[in-house]
Amino acid sequence: MAKSSTQTYKTNAASRAKHVKDNSPGGKYAHSNAYKRKHASERSKLKIPKGSKQDASKQPDGSYKAESRKTNRGRGGGQGR
């Protein structure tokens, strides 16, 4: 019979560490309050309503433009162009 997940995490430190990292609050999309304020401000300047499929995409020159979330995330968003 296969080990249960609790048995695996008890005996495998690497697996346990990944599990803790993956299930901790915050995660990979945690942003600072300053970042969120700036982004919200740019969204309002671009007149992007809450819940829209559009997103305020930051450009290489530091400006923002309204763009499809799908396109922005597909490109990697903050991971460069």
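1. Buried here means under 20% relative accessible area. By that cut-off, H39, E42 and R43 are the buried residues of α3. Note at the outset that this is a predicted model.

2. The overall layout comes next. The protein chain holds four helices and two strands. Read from the N terminus, the order of elements is α-α-α-β-β-α. Buried residues account for 16% of the 81 residues in the protein chain. The accessible surface is about 6800 Å². Carbon and sulfur atoms own 54% of that surface. On contact range, take the contacts between residues at least 6 apart in sequence: 6% of these join residues at least 24 apart.

3. Now the geometry of α3. This helix has 13 residues. From its first C-alpha to its last, α3 reaches 18 Å, close to the 18 Å expected at 1.5 Å a residue. Where do the buried residues of α3 fall, seen down its axis? They sit within an arc of 100°, so they line one face of the helix.

4. The two sides of α3 can be read separately. The cover over its buried residues includes β1 and β2. N33, R37 and K45 are exposed residues carried on the face turned away from the buried side. When checking the model, view H39, E42 and R43 as the buried set, and N33, R37 and K45 as exposed residues of the opposite face.

5. K47 follows α3. This residue lies in the loop between α3 (33-45) and β1 (54-58). Its phi is near 55°, a positive value in a residue other than glycine. Is K47 buried or exposed? K47 has a relative accessible area of 71%, over the 50% cut-off, so it counts as exposed.

6. The strand pair is a hairpin. β1 and β2 run antiparallel, and five bridges join them. Two pairs help to fix the register. A56 stands opposite A66 in β2. Q54 stands opposite S68 in β2. Five residues lie between the strands. Within this hairpin, G62 takes a positive phi near 95°.

7. S63 belongs to the loop between β1 and β2. Its relative accessibility is 32%, which lies between the cut-offs of 20% and 50%, so S63 is partly exposed. The side chains of S63 and D61 are joined by a polar contact of 2.6 Å. Setting aside neighbours within four places in sequence, S63 is in contact with S57 and K58. S63 can also be placed relative to α3. Its C-alpha is 9.1 Å from that of E42, with the two positions 21 residues apart in sequence numbering. E42 is one of the buried residues of α3.

8. E67 deserves a look. This residue is in strand β2 (residues 64-68). Why is E67 classed as buried? Its relative accessible area is 10%, and buried means under 20%, so E67 qualifies. Which side chain makes a polar contact with the side chain of E67? The partner is S57, at 2.8 Å. Leaving out neighbours within four places in sequence, the contacts of E67 are K53, Q54, D55, S57, N72 and R75. S57 is also in contact with S63.

9. R69 is in helix α4 (residues 69-75). Its relative accessible area is 28%, between 20% and 50%, so R69 is partly exposed. Which residues does R69 touch, beyond those up to four places away in sequence? They are S52, K53, Q54 and D55. For Q54, the C-alpha distance to R69 is 5.5 Å, with the two 15 residues apart in sequence.

10. Points 8 and 9 can be read together. K53, Q54 and D55 are among the contacts of E67. K53, Q54 and D55 are also among the residues that R69 touches. E67 is buried, whereas R69 is partly exposed. Q54 recurs in the strand pairing, where it stands opposite S68.

Methods: Residues numbered from 1 in each chain as written. Predicted model: local features only at pLDDT ≥ 70, side-chain atom pairs only at ≥ 80, totals over all residues. Heavy atoms only, no water. Buried < 20%, exposed > 50% of the residue type's maximum accessible area, 1.4 Å probe, protein only. Polar contact = N/O pair within 3.5 Å; in protein donor to acceptor, adjacent residues only side chain to side chain. Contact = heavy atoms within 4.5 Å. Expected span 1.5 Å × (residues − 1). Arc of directions from axis to C-beta. Pairing = 2+ DSSP bridges. Areas by Shrake-Rupley, 256 points an atom, 1.4 Å probe, with all protein chains shown as cover.
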